[in-house]
Amino acid sequence: METITTSRLIIRAFKLSDAADEFEFASLEEVGFNAGFKPHINIEETEKTIARFIAQDEVWAIELKETGKVIGSIGLHPDSFRKDMNTKEIGYVLSPSFQKQGLMLEAVNAVLEFGFDKQNLALIGANHFAFNEASRKVILKAGFSYDGLLRRAKCLYDGTKVDLMLYSFDKKQYYSQENKK
Ligand SMILES: CC(C)(COP(=O)(O)OP(=O)(O)OC[C@H]1O[C@@H](n2cnc3c(N)ncnc32)[C@H](O)[C@@H]1OP(=O)(O)O)[C@@H](O)C(=O)NCCC(=O)NCCS
């Protein structure tokens with residue numbers, strides 16, 4: 001995976017040795033519940049997840065430049081809703097200790113640029129559970145347009161049924177916004 005560098009972050013391929021850092025936040029209820037995965041119970045689970053990330057080649061580790069610590073992840077995944085349309089879907093998580101500092105917005109902006117400039121995507125989708133205010137803000141601040149609400153879209157690991165808010169950013173919209181900068 002290509003490494004993407006921002007002012008505070010190195011967005012790079014995962015290594016198995018990142019497991020301890022990743023476990024620190026992947027084991028937390030507030031992270032797993034909001035992102036839609038069951039919090040990891042032990043480090044072996046995190047190692048398996050990282051091995052899958054490495055094999056799938058679609059999720060980057062988010063490393064904080066200042067300390068070299070992995071504090072989150074971000075991915076460009078196959079689109080859940082559009083097939084064979086040259087589109088992908090962005091997904092991300094950040095360790096609670098590093099939230100509300102604009103770090104995920106910084107990572108999302110860099111990955112959008114990578115998706116449009118380097119992967120030549122026609123559109124990038126994003127979605128969040130209806131209750132996830134933090135993710136909604138990141139998505140809107142990054143410039144995505146709201147597409148709508150998909151009711152009873154997913155059943156979470158604890159049986160909670162959730163609605164999903166859907167967004168997208170298409171290439172034309174992205175570059176017209178860039179020109180205004
Ligand atoms: C969603 C998440 C990635 C946001 O990361 P972050 O780095 O804190 O976001 P940023 O600091 O870039 O914040 C962007 C905006 O959202 C706001 N925001 C961040 N967390 C918020 C919260 N808990 N409640 C309300 N607004 C919040 C910020 O204040 C900022 O807006 P502002 O510039 O007007 O202040 C992070 O909360 C997270 O990983 N949560 C758990 C997993 C998850 O929900 N993943 C996304 C699944 S769709």
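A residue is called buried here if 20 or more other C-beta atoms lie within 10 Å of its own. With that in mind, let me present this structure, which is a predicted model.

I begin with helix α1, which spans residues 19-26. Its buried residues are A19, D21, E22, F23, F25 and A26. Because 6 of the 8 residues of α1 are buried, the helix is largely enclosed by the rest of the structure. The cover over these buried residues includes α2, α3 (43-56), β4 (70-78) and β5.

One contact of α1 leads to the loop between β5 and α4, where P96 has its place. Leaving aside neighbours within four places in sequence, P96 is in contact with F25, L28, E30 and V31. P96 counts as partly exposed, because it has 13 C-beta neighbours inside 10 Å. Its C-alpha is 9.4 Å from that of G72, although 24 residues separate P96 and G72 in sequence.

I turn now to helix α4 (103-118). This helix has 16 residues, and from its first C-alpha to its last it reaches 22 Å, close to the 22 Å expected at 1.5 Å a residue. Which residues of α4 are buried? They are L103, M104, A107, V108, V111, L112 and G115. These residues are on the same side of α4, because they cover an arc of only 165 degrees around the axis. The general background is that an α-helix has 3.6 residues a turn, so residues three or four places apart point the same way.

Helix α4 also matters to our description of the nonpolar interior. The largest nonpolar core has 41 residues, of which I62, Y92, A107, V108 and V111 touch the most other members. Its largest share, 6 residues, comes from α4. Consider A107 in particular: beyond its neighbours within four places in sequence, A107 is in contact with T6, L9, I11, I62, I74 and Y92.

Further along α4 we find F116. F116 counts as partly exposed, because 19 C-beta neighbours lie inside 10 Å. Not counting residues up to four places away in sequence, F116 touches L121, K171 and Y174. By contrast, F116 and Y157 are 33 Å apart, C-alpha to C-alpha, with their positions 41 residues apart in sequence.

After α4 comes N120, in the loop between α4 and β6 (123-129). N120 is not a glycine, yet it has a positive phi of about 55 degrees. Is N120 buried or exposed? N120 is exposed, because 9 other C-beta atoms lie within 10 Å. A positive phi is also found at D57, where the value is near 60 degrees, again in a residue other than glycine. D57 is in the loop between α3 and β3 (59-64), and it counts as exposed because it has 11 C-beta neighbours inside 10 Å.

Finally, I come to the ligand. It is surrounded by 21 residues, the closest being N34, Q99, M104, A134 and K137. Two or more residues of this shell come from each of α2 (29-35), β5 (87-94), α4 (103-118) and α5 (133-142). Which element gives the most to the shell? That element is α5, with 6 residues. By class, the shell has 10 nonpolar, 7 polar and 4 charged residues.

To close, I return to M104, which is among the buried residues of α4 and also among the residues closest to the ligand. Thank you for your attention.

Terms used:
Residues are numbered from 1 along each chain as its sequence is written. This is a predicted model: local features need pLDDT of at least 70, side-chain atom pairs count only at pLDDT 80 or more; totals for chains, interfaces and linings use all residues. A residue is near a molecule or strand if its C-beta atom, placed from the backbone, lies within 6 Å of it. Helices (H or I, at least four residues) and strands (E, at least two) are DSSP runs, numbered from the N terminus. Ala, Val, Leu, Ile, Met, Phe, Trp, Tyr, Cys and Pro count as nonpolar, Asp, Glu, Lys and Arg as charged, and the others, Gly among them, as polar. The expected span of a helix is 1.5 Å times one less than its number of residues. A residue is buried if 20 or more other C-beta atoms lie within 10 Å of its own, exposed if 12 or fewer, and partly exposed in between; C-beta atoms are placed from the backbone. The arc is that of the directions from the helix axis to the C-beta atoms. A nonpolar core is a set of buried Ala, Val, Leu, Ile, Met, Phe, Trp, Tyr and Cys residues joined through C-beta atoms within 7 Å. Two residues are in contact if their C-beta atoms, placed from the backbone, lie within 7 Å.
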